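Work through the following exercises with the sequence and the model side by side. Each task is followed by a solution that goes step by step.

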Amino acid sequence: MLMFEGGTEAIDEPKSAGLEASTLPSLMQTISHAATLSGVGMSSFVVSTAYSAAQATIEAHKVTTLESESGRAVFFHALEKPLQPNRRLSEAFALRKTLIADAC
């Protein structure tokens, strides 16, 4: 049996935000069963599980992984020797500058 590891106990702030969800009865039964097996209430189980998933999602989006040697080489080459902007990009920046100046 896995132990329940809630991740929200260390957060020291009042509980003032609500969370409501509607779902299929079979999903609710499964979540309730998992909460019971973990020895916690369903709200605590859902909030802690969602919080853990949210943290993992945020962390996954903070990291860029270049797994191949060729990918790393291309990336670092672009950092070291960036391409010069082409005509269309230069025109787009000039237009942006004009639009911002006109908006002020």
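## Exercise 1: Met 28 and its helix

Task: classify Met 28 as buried, partly exposed or exposed, and find its place in the secondary structure.

Solution. Met 28 counts as partly exposed because its relative accessibility is 35%, where buried means under 20% relative accessible area, exposed means over 50%, and partly exposed lies in between, with a 1.4 Å probe and protein chains only. The residue is found in helix H1, residues 25–38; helices here are DSSP runs of H or I with at least four residues, strands are runs of E with at least two, and both are numbered from the N terminus. The model is a predicted one, in which local features need pLDDT of at least 70 and side-chain atom pairs count only at pLDDT 80 or more, whereas totals for chains, interfaces and linings use all residues. Residues are numbered from 1 along each chain as its sequence is written, and side-chain values use heavy atoms, with hydrogens and water left out.

Task: check the span of H1 against the value expected for its 14 residues.

Solution. The expected span is 1.5 Å times one less than the number of residues. For H1 this gives 20 Å, and the C-alpha atoms at its ends are 20 Å apart, so the two values agree. Just after H1, Gly 39 takes a positive phi of about 80°.

Task: describe the contact made by the side chain of Ser 38.

Solution. Ser 38 lies in helix H1 and is partly exposed at 23% relative accessibility. A polar atom of its side chain lies 2.9 Å from the backbone oxygen of Ala 34.

## Exercise 2: The whole chain and its surface

Task: state how many helices and strands the protein has, and what share of its residues is buried.

Solution. The protein has four helices and zero strands, so that, read from the N terminus, the order is α-α-α-α. Of the 104 residues, 3% are buried. The protein exposes about 9,500 Å², and carbon and sulfur atoms supply 61% of that area; the areas come from the Shrake-Rupley method with a 1.4 Å probe, and for residues only the protein chains shown count as cover.

Task: find which residues form the nonpolar patch on the surface.

Solution. The patch consists of Leu 19, Met 28, Met 42, Val 46 and Val 47, with about 400 Å² of accessible area together. Patch residues have over 30% relative accessible area and no salt bridge, with nonpolar side chains (Val, Leu, Ile, Met, Phe, Trp, Tyr) joined within 5 Å and like charges within 9 Å. Helix H2, residues 42–62, supplies the largest share of the patch, three residues.

Task: decide whether Phe 45 is buried or exposed.

Solution. Phe 45 lies in helix H2 and is buried, because its relative accessible area is 15%. Its C-alpha atom is 8.1 Å from that of Ile 31, although the two residues are 14 apart in sequence.

## Exercise 3: Salt bridges and aromatic rings

Task: state how many salt bridges the structure holds, and locate each along its helix.

Solution. There are three salt bridges, each defined by a side-chain nitrogen of Lys or Arg within 4 Å of a carboxyl oxygen of Asp or Glu.

- Lys 62 pairs with Glu 59, with the closest N and O atoms 3.0 Å apart; the two are separated by about one helical turn because they are three residues apart in helix H2.
- Arg 72 pairs with Glu 69 at 3.1 Å between the closest N and O atoms, and both lie in helix H3 (residues 69–80), three residues apart, about one turn of the helix.
- Glu 91 pairs with Arg 87 at 2.9 Å between the closest N and O atoms, and both lie in helix H4 (residues 87–103), four residues apart, about one turn of the helix.

Accessibility can then be assigned to the partners. Lys 62 is exposed at 57%, whereas Glu 59 is partly exposed at 44%. Arg 72 is partly exposed at 29%, whereas Glu 69 is exposed at 55%.

Task: describe the geometry of the pair formed by Phe 75 and Phe 76.

Solution. Rings of Phe, Tyr and Trp (its six-membered ring) pair if their centres lie within 6.5 Å, and planes under 30 degrees apart count as stacked, over 60 as edge-to-face and the rest as tilted. By this rule there is one aromatic pair. Phe 75 and Phe 76 form it edge-to-face, with 5.3 Å from centre to centre and 75° between the planes. Phe 75 is partly exposed at 38% relative accessible area, and Phe 76 is partly exposed at 43%.

Conventions. A polar contact is a pair of N or O atoms within 3.5 Å; within protein, one must be able to donate a hydrogen and the other to accept it, and residues adjacent in sequence count only if both atoms are side-chain atoms.
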